[in-house]
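Q: Hi! I've just opened this one on my screen and would love a quick walk through it. Can you help?
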Amino acid sequence: MSHSTAASPADGARHGLRIFLIWLPLAVAADLLIWFALYPHLPPGRMTDQAQGQQFDIAVMAMLAAPVLLFVWVYFAYALIVWRHRAGDDEDGPPIHGNTKIQATWITATAVIVLGLFVFGTVQLIVPAGAGAGEGPSPIWKPNTNNLLQVQVIGQEWAFTYRFPQFGGMESTQLVLPQGQQVEFHVTSLDVIHSFWPYQLGVKADANPGVDNVAYAKPQELGSFTVRCNELCGIWHGAMFNYGRVVTPAVFQAWARAIQARELRLGVLAALPRYALTYDPTVIPQLGRDLVKVAGITGANGYFYPSLFQSGDPGDPVSP
Ligand SMILES: [Cu+2]
């Protein structure tokens, strides 16, 4: 008895070719639909170069996945229809003893897809300056410019504040960014671990106390975006969100200069701690005292201020 396989079946039909010819137009149609209809609407949009890069990555991976998924569906449907059980046929199917062509095709195709994804994923992580995620205090990959707007993002229970060292170290609860300007975020925290997630900017960076976490993005579309905390950080974590804006450079300059002038006039700039990449809240006496008042109900503060409970000395820094 001769071997009977999908490539040279006993019934003489070229099932492999048929399946391929059904699959090919479907796969091409699906990829065209993804590229032209779905891609422009994919998250996280195109508000920054980082967001646009992520949108492209998702589109490419969808275009790789769709033909694989369609092949499974087409094969499944073909098998159900062509090789279904027929009335009166109680015979077993013929034993199959391997098929070099199918095995080689399978190994080659899966290897190409997986290695391709490995290379694509690695390049996409590296090339757009860290793909919008926090890279730690000394990023390996930086944007190709020295014209950077520095924005320090300070997580605290339960809000983000933003310091602008190039504007006298002024601090705001609003995140306003200029269009067309490369932004260098320095993300840190005063208390527990938060995560800075301005979704439409394509940035997500952990905010750890004592750590300067750097992320990059270049706003290219005007409009508003949402900033969320993406790390469960206490009882009001869910309310830790805000809205930011991308504005024209002129509007941004006016906004930042106005806040700087007001904070200078009111003495806020003098009262703020010197700009630093991280802050130890225990050496800010006023902040320390205020936090200790509520330490009994916010467990995290208990970790950072033990010496305050023991000695009652509000000026005593805590060494980790
Ligand atoms: Cu948080």
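Q: What arrangement do the 4 donor atoms around the copper ion make?
A: A tetrahedral one, because the angles they subtend are 96 to 126°. Four donors count as tetrahedral if all angles lie between 85 and 135 degrees. One thing to keep in mind early: this is a predicted model, where local features need pLDDT of at least 70 and side-chain atom pairs count only at pLDDT 80 or more, while totals for chains, interfaces and linings use all residues. Residues are numbered from 1 along each chain as its sequence is written, and side-chain values use heavy atoms, with hydrogens and water left out.

Q: Which residues are the protein donors of the copper ion?
A: His194 through ND1, Cys229 and Cys233 through SG, and Met240 through SD, at 2.0 to 2.6 Å from the ion. Donors here are N, O and S atoms within 2.8 Å of the metal (3.2 Å for Na, K and Ca); water is not among the atoms, so sites may look incomplete.

Q: What spacing do those donors follow along the chain?
A: The pattern is H-x34-C-x3-C-x6-M.

Q: And Cys229 and Cys233, buried or exposed?
A: Both Cys229 and Cys233 are buried. Buried means under 20% relative accessible area, exposed over 50%, and partly exposed in between (1.4 Å probe, protein chains only).

Q: What pLDDT does the protein average?
A: The average is 84, and 84% of the residues score at least 70. pLDDT is the predictor's confidence in each residue, from 0 to 100.

Q: Where is it below 50?
A: Residues 1–8 are one such stretch, with 16 contacts in the model beyond near neighbours in sequence. Residues 295–320 are also below 50, and that stretch has 40 such contacts. Contact means heavy atoms within 4.5 Å. Where pLDDT is low, the predicted coordinates should not be read in detail.

Q: Changing topic: how do α2 and α3 pack?
A: Helix α3 covers residues 100–126, and α2 packs with α3 at an angle of about 175°, their axes 12 Å apart. That makes the two helices, α2 and α3, roughly antiparallel. Angles under 35 degrees count as roughly parallel, over 145 as roughly antiparallel, 65 to 115 as roughly perpendicular and the rest as oblique. Axes are lines fitted to C-alpha atoms, for helices over the stretch in contact, and angles run from 0 to 180 degrees between N-to-C directions.

Q: Which residues meet there?
A: From α2, they include Phe56, Val60, Leu64 and Val68; from α3, Ile113, Leu117 and Phe120 are among them. Helices (H or I, at least four residues) and strands (E, at least two) are DSSP runs, numbered from the N terminus.

Q: Where does Tyr39 lie?
A: Tyr39 is in the loop between α1 (15–38) and α2 (49–82). Tyr39 is buried, with a relative accessible area of 10%. Leaving aside neighbours within four places in sequence, Tyr39 is in contact with Ile34, Arg46, Gln55, Phe56 and Ala59.

Q: Which peptide bonds are cis?
A: The bond from Pro43 to Pro44 is cis, with omega near 0°, and Pro44 lies in the loop between α1 and α2. Another cis bond joins Glu157 and Trp158, with omega about 0°. Trp158 sits in the loop between β1 (148–156) and β2 (159–164).

Q: Last one: how accessible is Gln174?
A: Gln174 counts as partly exposed, at 36% relative accessibility. Not counting residues up to four places away in sequence, Gln174 touches Tyr162, Asn242, Tyr243 and Trp255.

Conventions. Tetrahedral: all angles 85-135°; square planar, octahedral: opposite > 155°, others 65-115°.
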